[in-house]
Amino acid sequence: MGLLLGVVVCSACFDFQDAGPGDPRLLDRACLGSYRCTTSGKARRTTGITADSVGFELGPGGGSVVIPLVADSSSHEVSVEVLVAGSGKVDVSSSELSASDSFTLSDDYEWFQVGGAISGSSSGSVKLRVGVTGESRAELLDIRARGLDHAGCSVAAVGRRAH
Amino acid sequence: MLCVALLLQAGAPPPTAATPPVGWTDYPPPAWHAPAPPPPPPAEDEARSETKQRVEHTFLLRAGLGVGFLRPSAHDEVLEADGYDLDSRAELVLAGAGVVAGRVALGAYVGIGRGTASPTSEAPTLRQTVVRAGTEISLVLQPSATTTLLLGPELGVLQGTLSVQGDGRSQTVLEYGGKLGAYFRVSDAPPVWYLGSTLGYTLAPADPPGALGRDYDYGALHLDFTVVLGG
């Protein structure tokens with residue numbers, strides 16, 4: 001009986017159909033629902049590849065978006081990629097991963113990757129910051145990750161949800 | 001002796017078809033007749049018969065089921081970068097045309113189409129749906145009594161939607177292009193049925209489906225299996 005109850009309770013947060021962090025539209029999963037992505041400065045949330053997907057316009061004039069993610073286990077190498085186009089440079093960083101990099105943008109959408117390590121003492125919550133400064137301008141269409149997932153219910157994130 | 005024989009032959013009546021010349025022992029028997037003259041060439045009869053079988057239609061109704069191979073666009077490349085390779089859609093087209101002047105038919109068409117792309121079974125599915133409607137002018141050609149060709153331009157509107165969460169925004173754009181259909185007669189009694197195939201090519205340029213991305217195109221190369229009813 002207890003086992004049956006456990007299955008029923010767990011099924012509410014255990015979806016075999018949930019997309020993985022390497023699947024498209026991780027940005028939608030990270031920014032939809034109760035786990036909000038926050039913008040600051042000259043950054044605004046808009047729609048992306050379709051009118052029902054998420055995208056962000058950053059700059060010009062400086063602005064950023066912070067995307068909440070969660071690690072699927074501790075003490076291992078993780079990486080995250082952003083699909084961006086624009087002009088100037090875009091900064092991608094995460095203090096939890098001790099990762100920071102800057103990339104030159106073009107009119108064509110390209111994937112840029114940053115990587116880092118999750119420390120054993122980390123709570124598992126990772127905030128990814130994508131921003132521009134000055135006259136740089138960026139269009140953020142999507143993200144994908146390895147070792148990280150969105151902060152909602154997922155197989156990869158069971159037991160390690162961010163709060 | 002030879003002279004006598006020649007004299008006898010000279011005095012004999014001339015040979016006819018029923019009377020062999022004297023001395024010809026291997027001549028055909030009396031019942032033999034000269035071969036009948038050859039009949040007139042059959043081509044004339046067949047052509048006359050084919051002309052009779054040819055049907056002059058006053059209207060044509062068409063139903064097609066097939067595939068639309070999507071036109072490449074700048075936004076297509078963005079979708080591919082994000083992991084979506086949406087290159088075709090299933091299509092259904094209905095059309096009707098009246099023959100208004102000789103070989104020219106004026107008509108209208110409506111169609112629906114739907115295509116999906118999913119990089120993995122768990123990934124959100126990218127869906128494209130279109131509804132098309134417009135007018136068409138066709139040149140109706142009948143190279144033979146059993147074959148009909150339709151050839152002509154199309155002009156209409158297309159309402160297309162691209163979505164990954166099932167809630168995309170509809171875009172209404174101009175659609176233009178042309179088609180070529182070849183249909184083969186499968187029934188003799190009116191109304192006359194044809195089966196064949198229609199090849200079409202349309203353009204339907206659109207703004208980006210979302211706020212970001214690049215210009216899109218809902219046009220396609222259409223290849224349909226088609227049933228035609230001619231009345």
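These legends walk through close-up views of a predicted model with chains A and B.

**View 1. The make-up of chain B.** Let's start with chain B, which holds three helices and 10 strands. Read from the N terminus, its elements follow the order α-α-β-α-β-β-β-β-β-β-β-β-β. Of the 231 residues in chain B, 32% are buried. Looking at contacts in chain B with a separation of 6 or more, 57% join residues 24 or more positions apart.

**View 2. Where chain A touches chain B.** Here 22 residues of chain A are in contact with 24 residues of chain B. On the chain A side, the elements that give two or more residues are strand S1 (38-47) and strand S8 (137-146). S8(A) gives the most to this side, with three residues. If you are curious about chemistry, the chain A residues that touch chain B divide into seven nonpolar, eight polar and seven charged.

**View 3. The largest nonpolar core.** This core has 47 residues, and those with the most contacts inside it are Leu69(A), Val84(A) and Leu140(A). From chain A, the elements giving two or more residues to this core are helix H2 (26-31), strand S2 (54-71), strand S3 (77-87), strand S4 (89-94), strand S7 (125-132) and S8, and they are joined by helix H3 (74-82) of chain B. S2(A) gives the most to this core, with eight residues. As a general backdrop, nonpolar side chains tend to be buried together in soluble globular proteins.

**View 4. A look around Leu69(A).** Which residues is Leu69(A) in contact with, leaving aside its neighbours within four places in sequence? They are Ala30(A), Val126(A), Leu128(A), Ala145(A), Leu148(A), Asp149(A), His150(A) and Ala151(A).

**View 5. Another core.** Apart from the largest nonpolar core lies another core, of 11 residues. Among them are Tyr109(B), Val140(B), Tyr183(B) and Tyr194(B).

**View 6. Confidence along chain A.** Chain A averages a pLDDT of 81, and 75% of the residues score at least 70. Among the elements of chain A, S4(A) has the highest mean pLDDT (96), while helix H1 (residues 2-11) has the lowest (43). Residues 1-16 of chain A have a pLDDT below 50, and this stretch has five contacts in the model beyond near neighbours in sequence. Over residues 153-163 of chain A the pLDDT is also below 50, and here the model has 26 contacts beyond near neighbours in sequence. A friendly caution for such places: where pLDDT is low, the predicted coordinates should not be read in detail.

Note on methods: Residues numbered from 1 in each chain as written. Chains lettered and ligands numbered in written order. Predicted model: local features only at pLDDT ≥ 70, side-chain atom pairs only at ≥ 80, totals over all residues. Helix = DSSP H or I, 4+ residues; strand = E, 2+ residues; numbered from the N terminus. Buried ≥ 20, exposed ≤ 12 C-beta atoms within 10 Å, placed from the backbone. Contact = placed C-beta atoms within 7 Å. Nonpolar A, V, L, I, M, F, W, Y, C, P; charged D, E, K, R; others polar. Core = buried A, V, L, I, M, F, W, Y, C linked by C-beta atoms within 7 Å. pLDDT = per-residue confidence, 0-100.
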